[in-house]
Structures are given as structure tokens and as C-alpha cells.
Amino acid sequence: MSVETPVPLQVFPAVDTKPEAEELELGTKVADDGPSYTPEEERRVRIKQDIFMLPILCFMNICAFLDKANIGNANTAGMSKDLGFSTSQYNALLTIFYVVYTAFQWEMVLLRYINPRYFLTGVVFLWGLASTLQGITVNYGGMVACRVVVAALESGGGPAIAFYFTMLYPRKEFGLRWAIFQASSCIANAFAGAAAYGLVQANTSLAPWRLVYLVESTPTFLAAALIFFMVPGAPDQCWFLNDREKQIALERVQRSQSLEAATGYNMKHVKAAFMEPWTYWIALIHFFGGAAFNSLSVFLTAIIRDMGYTSVNAQGLSAPPYIVAYIFACTVAYLSDRWSVRGWFIAGAELIGGIGYLVISYAESTGVRYFATYITVIGVYVGQPLMFSWCATNADSHSKRAASLVLFLVTGQLGSILGSNIYNDPPRYHKGNSVCAGGLFAVVALCVSGTFYLKMRNRAKDKKFGPADPNAVIVPTEDGSDHPAWRFVI
């Protein structure tokens with residue numbers, strides 16, 4: 001990453017542009033009469049962005065989850081039996097994926113150098129190709145190679161969208177859009193379970209597990225094509241907006257965050273991000289949450305199967321909890337954005353999820369245990385998107401945001417590695433469910449304490465600098481310290 005050279009920064013039309021203020025110094029703020037657009041104009045821009053972009057990106061995320069988690073359905077459909085994989089070899093496949101996925105989390109920083117349209121198209125197409133090849137693999141080495149390639153490329157896809165969204169949406173709108181995006185994995189899991197249910201019963205010359213890979217990876221190529229032709233590289237490059245609307249789209253983001261050069265990184269800001277306690281606080285939250293989130297998508301069908309259902313029925317019964325969770329995730333994210341609150345919602349959701357894990361593991365009734373899968377999936381899938389929102393919207397420059405997101409993502413995937421290695425004691429899976437429950441309870445404690453910590457930081461700033469000016473247009477400080485007008489989202 002190169003050190004960013006300060007450049008003359010764009011000043012909005014509504015900002016006072018006196019000659020002596022034409023070139024803004026880093027660390028200053030420009031107080032003006034408010035946005036240059038009306039609420040109705042802003043609403044039209046927001047609706048157009050949501051209509052033309054969100055469905056495509058959600059479809060990409062659905063494909064990513066299908067290609068990442070279809071190994072669970074394929075294994076339930078007989079992959080390990082046909083290829084002669086032992087339990088330890090299968091668990092190694094899961095671990096290898098998350099190790100590689102973790103090692104390549106840094107790829108998201110390339111969005112400041114490569115147009116997102118081209119970057120996302122490339123990684124999506126290539127991981128789709130590698131995922132398809134899993135369906136024709138005949139030995140363990142071939143499966144390992146495919147999983148490594150899928151992991152390396154997917155780590156530059158889905159996680160990069162969190163950073164991409166901060167380039168397109170204001171802070172107050174990020175949470176709902178990110179929840180719609182990330183919680184679309186619920187639809188992916190529901191579709192994967194329903195599709196696998198049908199594919200297992202298909203009467204073809206191919207083994208059912210091969211069909212799972214071949215069929216579920218096909219939509220990824222369509223996603224790559226849609227991204228290439230439809231996804232813009234920046235707010236002012238949205239092809240579906242007119243010139244006036246492009247200006248509004250850019251101003252909306254800059255007013256919500258800060259005025260910065262369009263490309264590159266400021267290494268002082270990167271260093272400041274790693275000196276910020278909150279960077280590690282939210283990363284630790286994601287470590288514990290990530291263990292539950294990722295292991296659930298891989299092991300839920302096995303958990304349901306080992307309740308006493310057949311493999312075929314387990315595939316079908318794994319779908320409904322995800323559909324219900326998607327509705328809850330989007331609803332809670334909307335409320336979180338509306339009230340500008342993250343921590344309390346995450347704590348409540350993960351408390352519910354942790355209780356669900358314990359019921360699955362220790363309740364006697366099969367019906368009660370299956371019902372507990374609903375509250376577990378709801379808790380985990382409501383909390384996870386809000387964690388991303390809490391991280392991505394609590395940095396006052398692109399450089400600090402990128403650095404904090406990389407650490408956040410890496411620690412989350414380390415949690416995933418943990419989660420992929422603890423479900424090895426069927427049929428009750430006491431160890432795996434108990435570890436995930438304990439992790440979610442740790443998230444509750446960290447979210448409650450983190451909320452009070454951020455409130456304390458905000459109060460200290462109010463006391464020192466006075467209340468934040470809602471019309472301040474912030475130019476990041478040169479040394480990377482928080483701007484006096486910046487406040488944390490709690």
C-alpha cells in the first residue's frame with residue numbers, strides 16, 4: 001500500500017467556498033448550510049441504488065455461500081463414503097478452507113486500486129469455476145486443491161462488499177443494506193438444503209453429491225456476468241443515475257464519512273487503526289461470533305440428521321430456519337439503523353442464539369431440539385451482520401476502515417477454523433454446541449461492555465469539543481487521530 005499524498009479535495013456546492021478555503025487542510029471541518037439536495041432527491045437516489053445494486057450483490061453472496069457450504073450437503077449425500085474420506089480428512093477439508101480464506105482476507109484492500117466492477121467479476125467467475133470442478137474430482141488431493149482455490153478467491157469477494165458498501169452508502173444506511181446482503185446467506189442455506197433434498201432423490205447416472213456441486217455452482221457464472229454489466233465502481237459512476245443524482249450519491253457518502261482522495265491509503269491512518277482499542281474489541285467479538293456463524297452453515301444438516309431424521313429429510317428440514325432468520329435479520333437491522341444502535345441488538349440476538357445451542361445439545365425431546373434450531377439460526381444470523389456494521393461504520397477514514405476490517409475479518413475466520421474442528425462427537429455434539437454457546441455468551445459480555453465504552457468515548461469528546469455539528473463536513477486529520485466532530489456508533 002502506498003502513502004497517500006494530500007490533494008485538493010472536492011467541496012460540495014452548498015459549502016462556503018471562500019478563496020482562502022478552496023484547498024482544505026487535513027483535520028479541518030467545513031460547516032455549511034446542509035446538503036445541496038432535498039430529502040426527496042436523496043430518497044430517489046437511495047431507492048435507485050437499492051433496486052439496481054442490492055439484488056445483484058445479494059445474488060453474489062448467495063452464490064458464495066452455496067460454493068462455500070455445499071460441502072456439508074455433498075458430504076451428507078455420500079461424498080466421503082464414495083471417495084473413501086475419513087472423518088479427520090473431511091474435517092481437514094473444512095479447516096483448510098478457512099485457513100486459506102483467513103490468509104487472503106487482505107484482498108479487500110485492492111478495491112482502492114482496482115475498479116470494484118472488474119475486481120468482483122474476476123474473483124466470482126474464477127471461484128465458480130473451481131467450485132464446479134469439485135463435482136468431477138475423484139480423489140482427496142483434487143478436492144483439497146479445489147477448496148484452496150475457492151477459499152482464496154471467495155475471500156476477495158463477499159468480505160470486500162463490506163468495504164464497498166461504505167463507499168456507496170452513508171453510515172445511517174449501512175446496517176440495513178449490509179444485513180440484507182449478508183443475511184441473504186440464509187436464502188442460500190435454505191436453497192442449498194432444498195436443492196440437495198431434490199438432487200439426492202434424482203435418478204441420474206451421477207452420484208447425488210456430484211450433482212450438488214455441479215448444480216449449485218452454476219449460478220455463480222451468472223452472478224459474474226451481472227456484476228460486470230451492472231455494478232458501478234463508485235457513487236458517481238452509477239449508470240442508472242443522471243448527472244445530478246451522481247453528484248448527490250457522492251455527496252451523501254462524503255457528508256456521512258469524510259472528504260478524502262479517491263484512491264490509495266494513508267499509512268498514518270492505518271497505524272492509527274491498529275492503535276485504536278475498539279479495533280481489537282470488535283475483532284474479538286467477531287472471533288466468537290464467527291465460530292458459531294460459519295460452523296452452523298456447515299453442520300446444521302448433520303445436527304438435524306443425528307436427531308434421528310434421514311439424510312434426505314435433514315436436507316429439507318434445514319431450510320425453514322434460515323428463511324425465518326432472514327426476515328428477523330432484516331427487521332432488526334432496520335431498527336438498528338433507525339435508532340443508530342448496534343451493541344444492544346447484537347447482545348440480545350447472541351444471547352438467544354447461545355440458549356438455542358444449549359437446548360439443541362441437552363434437551364430430550366426431538367421436537368424441542370428441532371425448534372431450538374430456529375432460535376439458534378435467528379440469533380446467529382441477526383447478530384452477525386450487525387457486527388460487520390459496527391466495525392465498518394466506526395472509522396472516520398477509508399484507510400482506518402480498511403485496516404480495522406482486515407483484522408475483523410481475519411479474527412472472524414480464525415473463529416471459523418475453531419468452529420470447523422469441534423463438531424466431532426455425534427449424535428448430540430455436546431462439545432461443538434457448548435463451545436459455540438459459550439462463544440455467543442462471551443459476545444454478549446463484550447457487546448454490553450463495548451457499548452458503555454463507546455458511550456464513554458463519545459461523552460468525553462462532547463465534554464472537550466462540545467456536541468458534534470451535524471452539518472460538519474470532515475476532512476481526516478493528518479496524523480490519523482479521530483476528528484473532533486467524529487462520534488462512534490454505539
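A polar contact is a pair of N or O atoms within 3.5 Å; within protein, one of the two must be able to donate a hydrogen and the other to accept it. In this predicted model, the side chain of threonine 411 meets that description, reaching the backbone oxygen of alanine 283 at 3.0 Å. Threonine 411 belongs to helix 18. With a relative accessibility of 15%, threonine 411 counts as buried, because the cut-off for buried is under 20% relative accessible area. Leaving aside residues up to four places away in sequence, threonine 411 touches Ala283, His286 and Phe287.

One of those partners, histidine 286, sits in helix 13, which spans residues 277-305. Histidine 286 is also buried, at a relative accessible area of 2%. The side chain of histidine 286 reaches the backbone oxygen of phenylalanine 408, here at 2.7 Å. Beyond residues up to four places away in sequence, the contacts of histidine 286 are Gln384, Met387, Phe388, Phe408, Leu409, Thr411 and Gly412.

Helix 13 also holds phenylalanine 299. Its relative accessibility is 6%, so phenylalanine 299 counts as buried. Phenylalanine 299 touches Asn91, Leu94, Gly419, Ser420 and Tyr423, again not counting residues up to four places away in sequence. Arginine 171 is 128 residues from phenylalanine 299 along the chain, and the C-alpha atoms of the two are separated by 34 Å.

From helix 18 the chain continues into a loop. Helix 18 covers 398-419 and helix 19 covers 430-465, and proline 427 lies in the loop between them. The peptide bond joining proline 426 and proline 427 is cis, with omega at about 5°. Tyrosine 429 lies in that loop between helix 18 and helix 19 as well. Tyrosine 429 has a positive phi of about 55° although it is not a glycine. The side of the cut-off on which tyrosine 429 falls is clear: its relative accessible area is 5%, and it is therefore buried.

A positive phi of about 55° is also found at serine 340, again not a glycine. Serine 340 is in the loop that runs between helix 15 (319-339) and helix 16 (343-362). Its relative accessibility is 41%, so serine 340 counts as partly exposed.

The next topic is the interior. Which residues have the most contacts inside the largest nonpolar core? They are Met79, Ile161, Tyr164, Phe165, Trp209, Tyr357 and Tyr381, in a core of 139 residues. Helix 1, residues 39-76, gives the most to this core, with 14 residues. In soluble globular proteins, nonpolar side chains tend to be buried together. Methionine 79, listed among the core residues with the most contacts, touches Ile71, Ala74, Phe85, Tyr90, Met143, Trp209 and Tyr213, with residues up to four places away in sequence left out of the count.

Ile161, Tyr164 and Phe165 are among the buried residues of helix 6. Why is helix 6 described as largely enclosed by the rest of the structure? The reason is that 11 of the 11 residues of helix 6 (residues 158-168) are buried. The buried residues of helix 6 also include Gly158, Pro159, Thr166 and Met167.

After helix 6 comes a loop leading to helix 7 (171-182), and proline 170 is found in that loop. Proline 170 has 3% relative accessibility and so counts as buried. Outside residues up to four places away in sequence, proline 170 touches Arg252 and Ser256. Proline 170 and alanine 249 are 79 residues apart in sequence, and their C-alpha atoms are 9.4 Å apart in space.

The last topic is a pair of helices. Two packed helices are described by the angle between their axes and the distance between the axes. For helix 9 (residues 208-217) and helix 10 (residues 219-230), the axes come within 5 Å and cross at roughly 15°. Angles under 35 degrees count as roughly parallel, and helix 9 and helix 10 are therefore roughly parallel to each other. On the helix 9 side, the contact is made by Val215, Glu216 and Ser217, which meet Pro219, Thr220 and Phe221 of helix 10. By type, the residues of this contact divide into 3 nonpolar, 2 polar and 1 charged.

How values were computed. Residues numbered from 1 in each chain as written. Predicted model: local features only at pLDDT ≥ 70, side-chain atom pairs only at ≥ 80, totals over all residues. Heavy atoms only, no water. Axes fitted to C-alpha atoms, helices over the stretch in contact; angles between N-to-C directions. Helix = DSSP H or I, 4+ residues; strand = E, 2+ residues; numbered from the N terminus. Parallel < 35°, antiparallel > 145°, perpendicular 65-115°, else oblique. Contact = heavy atoms within 4.5 Å. Nonpolar A, V, L, I, M, F, W, Y, C, P; charged D, E, K, R; others polar. Buried < 20%, exposed > 50% of the residue type's maximum accessible area, 1.4 Å probe, protein only. Core = buried A, V, L, I, M, F, W, Y, C linked by side-chain atoms within 4.5 Å.
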